[in-house]
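Here are some notes for a colleague who has not yet looked at this entry. Please read them with the model open.

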Amino acid sequence: MLRRHPLALRTHFAHSLVLTYAFSAETLEPLLDPGLELDTYSAGDTEYGFVAVALVDQRGLRPPWLPAVLGTDQVMTGYRVFTRFRTPGGKTMRGLRILRSDTSSTVLALGGNLLTRYHYRMAQLGCRTMGDRVEFAVRSRDGRADVRVSADLSQPAPLPQGSPFASSRDARRYAGPLPYTFEYEPHDGTMVVVKAYRTEWEPRPVTVDVRSLTFFDHFRDGILAREPRILANAFHVGDLDYGWHAGVRHRTDGSLA
């Protein structure tokens, strides 16, 4: 019962780099929990779903009633499927289903796994800026979520070559932040819905150099390595305040539990 995101949290994003990869809907649907639908995009004869790889350098993570100086500074990564959750009144919540999280903070790894189902693991993570470039490096303990990627922040970038999106405007719809995170509780069949808030959000499309990204090769015996990996979009945001409300339980039909 503790793992229902009982605490509101806030932080400051120094940098957030998000890589959005497209997979066929058939590949991603088995990863969904009851009550969730895949958030999809049609291109030609293919229906795509998306997995976001978020790399965040954040400062002062804490409950809202604590001053920032008492918060934790850390770099973390998160792997999320883009999903939808419907309510009985017809509202559709667009959000994320967490597959894995890696953190450089022991406090977050212990506390996060105690109070959420975000699957935190300890790793060596770093973020650095070099002129107009930002670089993230992750060395996971199990080798299944290593990352090394850099982004050019000097000017807005076109869509990656091979992206299924027809336009930058279409890609912007999937550039987040999707307002909600969903976590299914199998023992009672309910969904914990966590809503995020932020001061602003102006994602800037960027050109990225992805030198290492091992998660897709290993997750669930390589289920995400059975088809070509397509980088659909990449964007950066920075220097903004961000937060999450406490979780709210819903039944899988969307009604409040």
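1. Start with a pair of charged residues: Arg-100 and Asp-102 are both buried. Their side chains meet in a salt bridge, with 2.9 Å from N to O. Please keep in mind that this is a predicted model.

2. Arg-100 has a further partner in Asp-142, and the closest N and O atoms of that salt bridge are 3.0 Å apart. This contact links distant parts of the chain: Arg-100 lies in strand β6 (residues 92-103), while Asp-142 sits in the loop between β8 (133-140) and β9 (147-152), 42 residues apart.

3. Are the two ends of that link buried or exposed? Arg-100 has a relative accessibility of 6%, so it counts as buried. Asp-142 has a relative accessible area of 32% and is therefore partly exposed.

4. A second link of this kind joins Asp-217 and Arg-229 in a salt bridge, the closest N and O atoms being 3.2 Å apart. Asp-217 belongs to helix α4 (residues 215-218), and Arg-229 to the loop between α4 and β14 (230-237); the pair, 12 residues apart, again links distant parts of the chain. Asp-217 is partly exposed, because its relative accessible area is 42%. Arg-229 also counts as partly exposed, at 34% relative accessibility.

5. Some salt bridges share partners. Glu-37, Asp-39, Arg-84, Arg-86, Arg-94 and Arg-173 are joined in this way into one network. The count of salt bridges comes to 20.

6. Which residues gather in a patch of negative charge on the surface? They are Glu-200, Glu-202, Asp-239 and Asp-241. Glu-202 is found in the loop between β11 (190-198) and β12 (204-205). With a relative accessible area of 62%, Glu-202 is over the 50% cut-off and so counts as exposed.

7. On the overall fold, the protein chain has four helices and 16 strands. Its radius of gyration is 17 Å, close to the 18 Å that the globule rule gives for 257 residues, so the chain is as compact as a globular protein of that length.

8. Taken along the principal axes, the C-alpha atoms fill a box of roughly 50 × 45 × 35 Å. Of the 257 residues, 54% count as buried. Arg-100 and Asp-102, from the opening point, are among the buried residues.

Terms used:
Residues numbered from 1 in each chain as written. Predicted model: local features only at pLDDT ≥ 70, side-chain atom pairs only at ≥ 80, totals over all residues. Heavy atoms only, no water. Patch = residues over 30% accessible without salt bridge, like charges linked within 9 Å, V, L, I, M, F, W, Y side chains within 5 Å. Areas by Shrake-Rupley, 256 points an atom, 1.4 Å probe, with all protein chains shown as cover. Salt bridge = Lys/Arg side-chain N within 4 Å of Asp/Glu carboxyl O. Lys, Arg positive; Asp, Glu negative; His and termini not counted. Charge placed at Lys NZ, Arg CZ, Asp CG, Glu CD. Helix = DSSP H or I, 4+ residues; strand = E, 2+ residues; numbered from the N terminus. Buried < 20%, exposed > 50% of the residue type's maximum accessible area, 1.4 Å probe, protein only. Rg over C-alpha atoms; globule rule 2.2 N^0.38 Å.
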